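Here is a set of exercises to work through with the model open beside you. Try each task before you read its solution.

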Amino acid sequence: MPASSLDSIVSLCKRRGFIFPGSDIYGGLANTWDYGPLGSELKKNVKSAWWNSFVRERQDVVGLDSAILMNPKVWEASGHVTSFNDPLVDCKDCNERFRGDKLLEGKLGVEATAILKLNQVQPMLMAEKIACPNCGKCNWTEAKQFNLMFETHQGVIKGEGDLIYLRPETAQGIFVNFKNVQTTTRMRLPFGVAQIGKAFRNEITPGNFTFRTREFEQMEIEYFVEPGKDADAFEEWKSTVWDWYTGFGISKERLRIREHEKDELSHYSSRTIDIEYEFPWGWGELFGLANRSDYDLSQHQKFSGADLSYTDPDDPKKKILPYVVEPSFGCDRTVLTILLEAYTEEDLGEGDVRTVMKFDPRIAPVSVAVLPLSKKEHLIAKAQELYKKIVHETRLTVDFDVTGSIGKRYRRQDEIGTPKCVTVDFGTLGEDDAQGEKDTVTIRDRDSLEQIRIPITKLIEQLR
Ligand code: ATP
């Protein structure tokens, strides 16, 4: 069973060091979050798993790491300066600001809300008697377009001409490098360019923990294809991504695909689907797949004057502007989903409930914990020796824990989702046959709670 409430995850994350409120000692900064020791390992593992699946294990995708700050013309060309807006409404009673469409989604549904025109938002809020979440009144201003891009200034003198933006998506860094990547790698169509990186959006109503924040990470691929082959590539990516998410143990019952209505499509897209997850507060977007046609490359050609066409290596006279299929993953939303899915409360009888994070072993923040049974010096020394052996020979993330009773330590490892615990006892040292034979250790499995005794010589193979 996944976590049924967000609160249980938020409190576990803080208690165990997965995710802390940002700038905590200063009273925080609303909706900012810092990944702690376990959270940063988990996130790093998610990013590596993604990079391995979509870059290293594929011959048709290469990686990129482009700058967050870009020439502001990029955002004029991409359409973000004019079109990257959300409908903002103010409560006339308490002056709080909200996204009008998000207020209506609960009543009208996502599809019906997405096709509302700007001037329909306020009348609809009034007609549906949508109360202000802050003060409970229903007294809304007309909706205004609010641009989500964060502005900043480059250089030491603030003035005209130095206005730049924090990128609102990683995609444009790929488009502007299309020619650089293609000519240096000599990739042939179809091929993709992938990147993982921060994006910034001045969201009107951030919230639901890390689901909607103003600073977040995306994992995006721009997949370039010949025009006419985009529809097939779209279908392929749809099933590849579905398999990737479900392959990490995310339940199919809590995942669904939502096709965007024609009126709902972004200015650049001819077809979009979202993969949504059933979060504790309802369905929410985890991933988006868009057919961007040749919109971006042709806009950048137009605005930059550069030739971004692709020359067919078999027919140098044939020049094409590729179409683009874009699989776009939210990294923080993926981590949040994995946390929610992993959370399990297990009734062990007689009022004993254990909390266990059932992470897929490939992404668990700690893979193995080495636990000496007692604090006796020579036992700790043996356990340390084993710890070093596991780290060096497997490169897994290994924890070493000596504090508290062995039962408490097992529970602590369950709560952080460590798949295997290795216990070193006096049997290991050859000092107590009742605990086990010399040079053997106990391995405990997080999920089955099964404990097996194995020779140290088999340990590495077993853990691998
Ligand atoms: P939403 O409708 O939830 O605002 P979006 O459709 O604007 O999302 P995209 O532009 O498709 O999102 O971005 C791709 C992915 O980036 C999303 O599927 C999501 O996982 C992630 N993402 C977008 N906005 C945020 C945010 N404010 N906080 C965290 N992740 C986000």
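The expected span of a helix is 1.5 Å times one less than its number of residues. Keep that rule at hand for the first exercise, and bear in mind that this is a predicted model.

**Exercise 1. Check the length of helix α12 and decide how it sits in the structure.**

Step 1. Helix α12 covers residues 331-342 and has 12 residues.

Step 2. Applying the rule, α12 should span 16 Å, and its end C-alpha atoms are 16 Å apart, so expectation and model agree.

Step 3. Next comes burial. A residue is buried if 20 or more other C-beta atoms lie within 10 Å of its own. In α12, 12 of the 12 residues meet this, so the helix is largely enclosed by the rest of the structure. Among them are the charged residues D332, R333 and E341.

**Exercise 2. Describe the shell of residues around the ligand.**

Step 1. Start with the count: the ligand is surrounded by 14 residues, and the closest are F216, G288, S328, G330 and R333.

Step 2. Now look for the elements behind them. At least two shell residues come from each of β10 (215-225), β13 (282-293), β16 (323-330) and α12. Strand β13 gives the largest share, with 4 residues.

Step 3. Finally, sort the shell by character: 3 of its residues are nonpolar, 5 are polar and 6 are charged.

**Exercise 3. Work out the order of the sheet that holds β4, and find what packs on it.**

Step 1. The sheet is open, has 3 strands in the order β5-β4-β6, and pairs them antiparallel.

Step 2. Which strands stand at the edges? They are β5 (97-99) and β6 (144-147); each has a single partner strand, so one side of each lacks a neighbour in the sheet. From one strand to the next the twist averages 50 degrees.

Step 3. To fix the register, take β4 (residues 85-90), which is joined to β5 by 3 bridges. Here L88 is found opposite R99 of β5.

Step 4. Add the helices. Helix α5 (residues 100-108) packs on the sheet by touching β4 and β5, and its direction makes about 60 degrees with that of β5. Helix α7 (residues 118-127) also packs on the sheet, touching β4 and β6, with about 35 degrees between its direction and that of β4.

**Exercise 4. Trace the partners of strand β9 and say whether it is mostly covered.**

Step 1. One partner is β3 (residues 61-63), which pairs with β9 in the parallel sense over 3 bridges; V61 is opposite G192.

Step 2. Another partner is β10, antiparallel to β9 over 10 bridges. In this pair F200 is opposite E215.

Step 3. As for cover, 7 of the 10 residues of β9 are buried, which leaves the strand mostly covered.

**Exercise 5. Follow the pairing from β21 through β22 to β23.**

Step 1. Strand β21 (residues 420-424) runs antiparallel to β22 (residues 440-445), and 4 bridges join them. T423 sits opposite T442.

Step 2. Strand β22 is in turn joined to β23 (residues 451-455) by 5 bridges, again antiparallel. V441 sits opposite I454.

Step 3. The hairpin of β22 and β23 has 5 residues between its strands, and there L449 takes a positive phi near 65 degrees.

**Exercise 6. Find further backbone geometry that departs from the usual pattern, and place each case.**

Step 1. Recall the background: most residues other than glycine have a negative phi, and most peptide bonds are trans.

Step 2. The peptide bond between L189 and P190 is cis, with omega about -5 degrees. P190 belongs to the loop between α9 (178-185) and β9 (191-200).

Step 3. S293 is not a glycine, yet its phi is positive, about 45 degrees. This residue is in strand β13. It has 19 C-beta neighbours inside 10 Å, so S293 counts as partly exposed.

Step 4. E350, also not a glycine, has a positive phi of about 50 degrees. Its place is the loop between β17 (343-347) and β18 (353-357). With 5 C-beta neighbours inside 10 Å, E350 counts as exposed.

Notes:
Residues are numbered from 1 along each chain as its sequence is written. This is a predicted model: local features need pLDDT of at least 70, side-chain atom pairs count only at pLDDT 80 or more; totals for chains, interfaces and linings use all residues. Two strands pair if DSSP finds at least two bridges between them. Axes are lines fitted to C-alpha atoms, for helices over the stretch in contact, and angles run from 0 to 180 degrees between N-to-C directions. Two residues are in contact if their C-beta atoms, placed from the backbone, lie within 7 Å. A residue is near a molecule or strand if its C-beta atom, placed from the backbone, lies within 6 Å of it.
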